[in-house]
Amino acid sequence: MATTYIIKDDEKTRKWKTPHGELYIIKDRCKGCGFCIEFCPKKVLVESKEFNAKGYHPPELQEDETKKCINCGFCAMICPEFAIFSEADAQSKDVGQIPEKEIPIPESPKIPEIKKARDVLTGEHFWNGDVAAAEGAIAAGCKFFAGYPITPSTEVAEHIAERMPQIGGVYVQMEDEIASIAAVLGAAWAGVKAMTATSGPGFSLMQENIGLGAMTETPCLIINVQRGGPSTGLPTLVAQSDVMQAKWGTHGDHEIIALAPNSPQECFDLTIECFNLAYKYRTPVVLLMDESVGHMTERVVVPEKSKIKLVDRKKPKGEPGKVKIYEADEDLVPPMPYAGEGYNIHMTGLTHDERGYPSTIAETQERMIKRICDKIRVHADEIVRYEEFMTEDAEVVVVAYGITSRVVKRAVLMAREKGIKAGMLRLITIWPFPEKKVRELAKKVKNFLVVEINYGQIVLEVERCACPSKVSFLGKMGGAVHTPEEVLKKMMEVCK
Amino acid sequence: MTMHEVEENPLDVYLRADRMPHIWCSGCGLGIVTGAFIRAIQKSKVDPKLVSVVAGIGCTGRIPGYLNFDTFHTTHGRAIPFAIGLKIAKPELHVFVISGDGDLFAIGGNHIIHAARRNVNITVICVNNFNYGMTGGQVGPTTPEDARTTTTPYGNIEPAFNLPYVMASAGAVYVARWTTLQPRKILDSILEAMQKDGFSFIEIISPCPTAYGRRNAQRDAMETMKFYQYKTKVKNGADPKEGDISLTGEILTGKFVDIQKTTYMDRVKMLIDKANKKGA
Ligand SMILES: Cc1ncc(C[n+]2csc(CCOP(=O)(O)OP(=O)(O)O)c2C)c(N)n1
Ligand code: SF4
């Protein structure tokens, strides 16, 4: 416990007159910087011979006939240790203590709790993917959205802007995407489920702070409704070309979780799942939609509130002030303290130790970065989700995700009619990549075909895992979805 | 024998003593700023649990790391939006941003003007050392014309930002500027800023002997401080327009703006009330 200075001895506290009343020197507070002596306009202060409790020579007044203190009080104003006081400041007996006045600090109005907020709209709806994702987030308990409009993700923002105030949440339209993701991280540390939604160019702008989120283990959701690129590309048309950006967009080693829905219903369901994963593993999670899924309108069934399973953060168990806030449990995930709970959090994007203190030692980097990556790698089996379609006896397995998987499903059925034993592996989890499943399939399937709307991204992962099977690729530069006929034609080529 | 007791420093509770020594150069003004800040918190009597300090990157950005509150060291330039998220999500927090002039007005320039425009209830303390200290003294948006830095070896050709003027025009409700030779003023000003409901801004002009001073005819920190002593003019209520700083001219300090406006949090609350009345 800290104690205040108690100066019991008047000799230790010299005083002299100034226009502001008497000046006191609290000698033991002096740290010997010499500012008062150096800057005294009249040069009447000198270093005393004696030492103070800290081992410095505090100043004292030494007047001679030519140099007299004019009581200007400059020394009191510039002393960085506040060791020289005027009378006004030192009315109390404890001259060392800053006088205690009640200072009215305004309290910002709290965000009102909405009783009976309609956060889960149980029932059947006809929503597009963007709206369904927005509703999924609200159902997951999201109360903070910061974003910057960009097609084709704008409907998420627009819908949330209307819904948030109804449930006592906040929609902030920031000045850009960098600010949006930074605000999301801030809100997450304040203890609120927070998200943003964007598309290619905005996603690029967010990358540095997605890295900050990974490094500081901040749970949050980033929806990326993919459009054609690079650069501003095709604002209103589909692509699946941010897959690698989602994984490797930010610098440094890290892991990310990314899920790809293929229907408005899944946009709803997987958004809730994303929040759960974010809180379970303390990490930013990306919902990797594409323009077609985002803009496709279908039936969405919203379950009852009690049927929605939500995962919350792990709370620190120890007393505030005693816990090391980055000490992970056995599952490699540290419990998360929030701002204002008394844990004296230090959050930094610098490599930090278990206390949160920055460290420039290679061992700390080794230990911390490895853990941040491993907490996801080790749990990959729990995180990974996929859907198999007619793969049991398949001779060719088409790998697809997002909107493409719907086309491929049709193509697989067409192929079966033609007697080709085709099947599909639909990736729901893109990152971590469902490596195990692909390896397992590769043991019995000779031919893989990867169909995606880009010039070769996930195909690289499949090639890596499907060895020694043959992996073929059917890409598209964006702007349109493959036709089932195109896929069928390629399948036939592959099977030849 | 005379008797006196000096026990633990009453300010130690506000510092992470186990992180000392700090990384700053001797003569740097950041220690003075840190001292004034923790004294202001002590004097304000706010619950330290509810104090959050956010910083960007730079020498100044390291201040929160030494403070024993909830502290956040974010990416370069993004302290303000992070702080906004923190404040909006938990309005009972007292949110401060302490960062450098380069961090807040170069890379983060867009964020700070919009935060002031929105009148988000946070207090921003900008330490201006006229250059980028941490990266070794490059030119920045506050470097005076003709000043020499590592990237302006022939003298700076760009005009400098007058920070109080920028902030006043963007809509801040409290704007002040001091130098590190006025720590008592800094303390008072931080206390005043805390009492403002809305976006408050304090610029603190600080010596950087290592990266800036020695290239600009200030051989050591003391010379920079002497320069401040002779050049500083205190003029409370002055028009911030007059606050341009040149290499050798006067430094106008004081409290320039102190007004009241509806804050962002007030508006959020009104919006939520409105949306729910309409819904009912
Ligand atoms: C995106 C990014 N760009 C550049 C840097 C390198 N950088 C680190 S600190 C800094 C400047 C800091 O200057 P200022 O804000 O004035 O703070 P000071 O160090 O002078 O206190 C820069 C450019 C960075 N960390 N991140
Ligand atoms: S470089 Fe300048 S600002 Fe940074 S610690 Fe040294 S003196 Fe201070």
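This is a short walk through two sheets, two ligand sites and a few single residues of the structure above.

Before the details, please keep in mind that this is a predicted model, in which local features need pLDDT of at least 70 and side-chain atom pairs count only at pLDDT 80 or more, while totals for chains, interfaces and linings use all residues. Residues are numbered from 1 along each chain as its sequence is written, chains are lettered from A and ligands numbered from 1 in the order in which they are written, and side-chain values use heavy atoms, with hydrogens and water left out.

Let me start with the sheet that involves both chains. It is an open sheet of 9 strands with mixed pairing, and its order is E15(A)-E2(B)-E1(B)-E3(B)-E4(B)-E6(B)-E5(B)-E8(B)-E7(B). When I say strand, I mean a DSSP run of E of at least two residues, and a helix is a run of H or I of at least four, both numbered from the N terminus; two strands pair if DSSP finds at least two bridges between them. At the edges stand strand E15 (346–348) of chain A and strand E7 (232–234) of chain B, each pairing on one side only. Neighbouring strands of this sheet are turned by 20° against each other on average, direction ignored, where the axes are lines fitted to C-alpha atoms, for helices over the stretch in contact, and angles run from 0 to 180 degrees between N-to-C directions. Within this sheet, strand E1 (residues 51–55) and strand E2 (residues 70–73) of chain B pair in the parallel sense over 4 bridges, and B:Val53 has B:Thr71 in E2(B) as its bridge partner.

The other sheet belongs to chain A. Here 5 strands form an open sheet in the order E16-E18-E17-E20-E21, again described as mixed in its pairing. Because strand E16 (386–389) and strand E21 (470–475) of chain A are the edge strands, each with a single partner strand, one side of each is left without a neighbour in the sheet. The average turn between neighbouring strands of this sheet is 20°, direction ignored. Inside it, strand E17 (residues 396–400) and strand E18 (residues 422–427) of chain A pair in the parallel sense over 5 bridges, with A:Arg426 in E18(A) as the bridge partner of A:Ala400.

On the edge strand E21 of chain A we find A:Leu474, which counts as buried at 16% relative accessibility; buried means under 20% relative accessible area, exposed over 50%, and partly exposed in between, with a 1.4 Å probe and protein chains only. A:Leu474 and A:Tyr455 are 19 residues apart in sequence, and their C-alpha atoms are 8.4 Å apart in space.

Chain A also offers an antiparallel pair, strand E10 (residues 220–228) with strand E11 (residues 234–238), over 2 bridges. These two form a hairpin with 5 residues between them, and A:Ser231 in the turn has a positive phi of about 55°. A:Gly228 stands opposite A:Leu234 in E11(A).

Now to the ligands. Where does ligand 1 lie? Ligand 1 lies between chains A and B, and 17 residues surround it, the closest being B:Cys59, B:Thr60, B:Asp103, B:Asn129 and B:Gly133; a residue is counted as near if one of its heavy atoms lies within 4 Å. Helix H3 (residues 101–107) of chain B gives the largest share of this shell, 4 residues. By class, the shell has 5 nonpolar, 9 polar and 3 charged residues, where Ala, Val, Leu, Ile, Met, Phe, Trp, Tyr, Cys and Pro count as nonpolar, Asp, Glu, Lys and Arg as charged, and the others, Gly among them, as polar.

An oxygen atom of ligand 1 is 2.9 Å from an N or O atom in the side chain of B:Asn129, an oxygen atom of the ligand is 2.8 Å from a polar backbone atom of B:Gly133, and a backbone N or O atom of B:Met134 lies 3.0 Å from an oxygen atom of the ligand. The protein covers 77% of the 590 Å² of accessible area that ligand 1 has on its own, by the Shrake-Rupley method with a 1.4 Å probe, only the protein chains shown counting as cover for residues.

Around ligand 2 we find B:Trp24, B:Cys25, B:Cys28, B:Cys59, B:Asn129, B:Gly133, B:Cys208, B:Pro209 and B:Thr210. This shell divides into 6 nonpolar, 3 polar and no charged residues.

Technical notes:
A polar contact is a pair of N or O atoms within 3.5 Å; within protein, one must be able to donate a hydrogen and the other to accept it, and residues adjacent in sequence count only if both atoms are side-chain atoms.
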